[in-house]
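Please open the model in your viewer and keep the sequence panel beside it. We will go from stop to stop, with something to select at each one.

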Amino acid sequence: MRHIVGSHLSIAGGYYKAIDAAAELGMSCVQLFTKNNNQWAAKPLSDEDIEKFRNAYNTRGLQAACAHASYLINLAAPNDELWRKSIDAMIVEVERASRLGLGGVVVHPGAHTTSTLEEGLERVVTALDEVLKGTKGLTAGIWLETTAGQGSSIGCRFEDLAYLLERTNKKGAERLGVCIDTCHIFAAGYPLISPEEYEATVQQFDRLVGVDRVQALHINDSAKPFGSRVDRHAHIGQGHLGLEPFRHVMNDPRWERVPMYLETEKGTNESGDEWDAINLRTLLGLVGKRAGTPKVAVKKSKQEKKAKKG
Ligand SMILES: [Zn+2]
């Protein structure tokens with residue numbers, strides 16, 4: 001089984017730098033910010049930025065690339081000014097991602113803050129309708145991410161994501177997808193460790209949201225315990241998830257064509273090895289190793305396409 005695995009990488013020095021870094025790490029996909037993630041304003045993308053990026057993507061042989069939206073965006077905000085600003089900013093995110101040729105933009109559904117969950121959900125529905133309308137004809141999707149449920153953040157229950165997808169089920173809604181984050185759902189209270197727990201969680205997700213709506217996976221261990229509702233990522237196998245959930249994920253044919261992105265801390269370990277390379281190696285090392293798991297028919301990948309270095 002050959003999964004599409006990559007990481008969130010920096011665009012410092014140029015958008016194409018993220019592609020180069022992914023390829024050099026032996027990754028087959030990459031996630032990036034298309035603008036400073038802590039600022040509303042964005043420098044316009046130049047034709048040169050786009051050409052260099054698309055060139056690098058094609059020559060490096062990557063199989064997928066996506067964006068992560070700015071953390072400032074809150075499509076559930078009860079405050080009209082912030083909500084309107086968020087819609088406009090999300091439209092810009094989708095425009096930029098489309099120009100770069102990215103598959104989609106991962107966005108957290110939002111936080112309802114001083115309003116209720118129900119009111120927050122309605123705000124997100126209206127906002128998504130506006131974003132879809134404002135980006136009509138563009139190629140990049142809008143992928144709602146499962147959240148840990150920290151504070152008043154929406155999206156920590158599969159039911160909420162199902163509701164959002166159902167309510168925005170109109171023209172253009174085929175561009176709406178979902179991103180599952182392993183750290184977030186575990187922190188939100190969905191068990192993943194034993195093979196039975198993992199299977200039950202994926203089946204529950206499938207029943208409510210649909211596995212076919214998943215456009216990206218965020219592959220992170222959790223620094224905080226099960227059900228803590230705190231969003232803190234850890235290196236693969238070094239948090240409260242441990243290696244087992246990742247063994248299930250890496251041997252699950254349902255995710256075979258779904259790009260997986262690490263969002264773990266950068267830097268190097270004590271031997272000077274890059275954490276992205278270590279985490280990638282750990283994940284790929286779990287493929288085909290089903291220790292302690294029940295027998296499940298796993299179909300072999302049809303084309304063992306080379307996703308290695310360009
Ligand atoms: Zn994530």
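Start by selecting Gly 101, which comes right after helix H3 and has a positive phi, near 85°. Helices (H or I, at least four residues) and strands (E, at least two) are DSSP runs here, numbered from the N terminus. Before you go on, note that this is a predicted model, in which local features need pLDDT of at least 70 and side-chain atom pairs count only at pLDDT 80 or more, while totals for chains, interfaces and linings use all residues. Residues are numbered from 1 along each chain as its sequence is written.

Now step back and select H3 itself, residues 80-100. Its 21 residues should span 30 Å at 1.5 Å a residue, and its end C-alpha atoms are indeed 30 Å apart; the expected span is 1.5 Å times one less than the number of residues. Colour the buried residues of H3, among them Trp 83, Ile 87, Met 90, Val 94 and Leu 100. A residue is buried if 20 or more other C-beta atoms lie within 10 Å of its own, exposed if 12 or fewer, and partly exposed in between, with C-beta atoms placed from the backbone. What covers these buried residues? The cover includes H2, E3, E4, helix H4 (117-134) and strand E6 (141-145).

Next, select strand E3, residues 64-68. Five of its five residues are buried, so E3 is largely enclosed by the rest of the structure. Show the side chains: Ala 64, Cys 66 and His 68 point one way, and Ala 65 and Ala 67 the other way.

Add strand E2 (residues 29-32), which runs parallel to E3 and is joined to it by four bridges. Strands count as paired if DSSP finds at least two bridges between them. Look for Val 30, which stands opposite Ala 65 in E3. Follow the chain from E2 through helix H2 (residues 47-60) to E3 and you trace a right-handed β-α-β crossover. Right-handed means that, with the strands pointing away from the viewer, the path from the first strand over the helix to the second runs clockwise.

On to strand E4 (residues 104-107), parallel to E3 and joined to it by two bridges. Here His 68 stands opposite Val 106. Together, E3, H3 and E4 make another stop of interest, a right-handed β-α-β unit.

Now select the whole ring: E1-E2-E3-E4-E6-E8-E9-E12 form a closed barrel of eight strands with parallel pairing. On average, neighbouring strands of this sheet are turned by 30° against each other, direction ignored; axes are lines fitted to C-alpha atoms, for helices over the stretch in contact, and angles run from 0 to 180 degrees between N-to-C directions. For one pair, take E6 and strand E8 (residues 176-181), parallel over four bridges. Glu 145 stands opposite Cys 179 in E8.

Move to His 235, in the loop between strand E11 (233-234) and helix H8 (244-250). Is His 235 buried or partly exposed? It is partly exposed, with 18 other C-beta atoms within 10 Å. Beyond neighbours within four places in sequence, His 235 contacts Asp 221, Thr 264, Glu 265, Trp 275 and Asn 279, where contact means C-beta atoms, placed from the backbone, within 7 Å.

Finally, zoom out to the protein, which has nine helices and twelve strands. Buried residues make up 47% of its 310 residues.

Conventions:
Contact = placed C-beta atoms within 7 Å.
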